[in-house]
Amino acid sequence: MFPERYVIELACPDDVVESRLDSPSRSGFTKLTDVGIYRQARDNGGFDFDYKFEPDLVVNTDSMSAEDSATHIINFLKDNQVQGTT
């Protein structure tokens, strides 16, 4: 038997992603901070993925805080009775 699997997509419009790139908290984790590199990667298909599964949940991170997004995901998992989320 296969383990439970849920595909959760975190979605955010490009303009919001770009506005977040220069956040000081990103540099502390060696995350991408250069808008030019982001645009080049995006324009060359760097973020285009051929998913095998449709997402079970899409979280629009531009309209929720990180904490609210995490709560939304946890509630989704609880509603679907995923072990370890009670």
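**View 1. Salt bridges across the predicted model.** A search of the whole structure finds five salt bridges. The model is a predicted one. Side chains of opposite charge can pair when their charged atoms come close. Several of these pairs are shown in the views that follow.

**View 2. Arg 5 and Asp 56 meet in a salt bridge.** Their closest N and O atoms are 3.7 Å apart. This pair links distant parts of the chain, 51 residues apart. Arg 5 belongs to the segment before strand 1. Asp 56 sits in the loop between helix 3 and strand 2. Arg 5 is partly exposed, with a relative accessible area of 43%. Asp 56 also counts as partly exposed, at 39% relative accessibility. Arg 5 has a further contact: its charged end sits over the ring of Phe 53, 3.9 Å from the ring centre.

**View 3. Arg 42 of helix 3 pairs with Asp 14 of helix 1.** The contact is a salt bridge, with the closest N and O atoms 3.6 Å apart. The pair links distant parts of the chain, 28 residues apart. Helix 1 covers residues 14–20. Arg 42 counts as partly exposed at 25% relative accessibility. Asp 14 is partly exposed, with a relative accessible area of 34%.

**View 4. Glu 18 and Arg 39 form a salt bridge.** The N to O distance is 2.7 Å. Glu 18 lies in helix 1 and Arg 39 in helix 3, so the pair ties together parts that are 21 residues apart in sequence. Is Glu 18 buried or exposed? Glu 18 is buried, because its relative accessible area is 17%, and buried means under 20%. Arg 39 is partly exposed, with a relative accessible area of 40%.

**View 5. A network of salt bridges links five residues: Asp 14, Glu 18, Arg 39, Arg 42 and Asp 43.** Two of its members, Arg 42 and Asp 14, are the pair of View 3. Glu 18 and Arg 39 are the pair of View 4.

**View 6. Tyr 6 and Phe 76 make an aromatic pair.** The structure holds two aromatic pairs. In this one, the ring centres of Tyr 6 and Phe 76 are 5.3 Å apart. How do their planes meet? The planes stand at 85°, so the pair is edge-to-face. Tyr 6 lies in the segment before strand 1, and Phe 76 lies in helix 4 (residues 66–79). The pair therefore ties together parts that are 70 residues apart in sequence. Tyr 6 is partly exposed, with a relative accessible area of 30%. Phe 76 is buried, at 15%.

**View 7. Strands 1 and 2 run parallel.** Four bridges join strand 1 (residues 8–11) to strand 2. Which residue of strand 2 is the bridge partner of Ile 8? The partner is Leu 57. Strand 2 spans residues 57–60 and has two faces. Leu 57 and Val 59 form the covered face. Val 58 and Asn 60 form the uncovered one.

**View 8. Phe 47, Phe 49 and Tyr 51 form a nonpolar patch on the surface.** Together these residues have about 370 Å² of accessible area. Tyr 51 is found in the loop between helix 3 (35–43) and strand 2. Tyr 51 is exposed, with a relative accessible area of 56%.

Conventions
Residues are numbered from 1 along each chain as its sequence is written. This is a predicted model: local features need pLDDT of at least 70, side-chain atom pairs count only at pLDDT 80 or more; totals for chains, interfaces and linings use all residues. Side-chain values use heavy atoms; hydrogens and water are left out. Buried means under 20% relative accessible area, exposed over 50%, partly exposed in between (1.4 Å probe, protein chains only). Two strands pair if DSSP finds at least two bridges between them. Patches are made of residues with over 30% relative accessible area and no salt bridge: like charges are joined within 9 Å, nonpolar side chains (Val, Leu, Ile, Met, Phe, Trp, Tyr) within 5 Å. Accessible areas come from the Shrake-Rupley method with a 1.4 Å probe; for residues, only the protein chains shown count as cover. A salt bridge is a side-chain nitrogen of Lys or Arg within 4 Å of a carboxyl oxygen of Asp or Glu. Rings of Phe, Tyr and Trp (its six-membered ring) pair if their centres lie within 6.5 Å; planes under 30 degrees apart count as stacked, over 60 as edge-to-face and the rest as tilted. A charge sits over a ring if NZ of Lys or CZ of Arg is within 6 Å of the ring centre and within 35 degrees of the ring normal.
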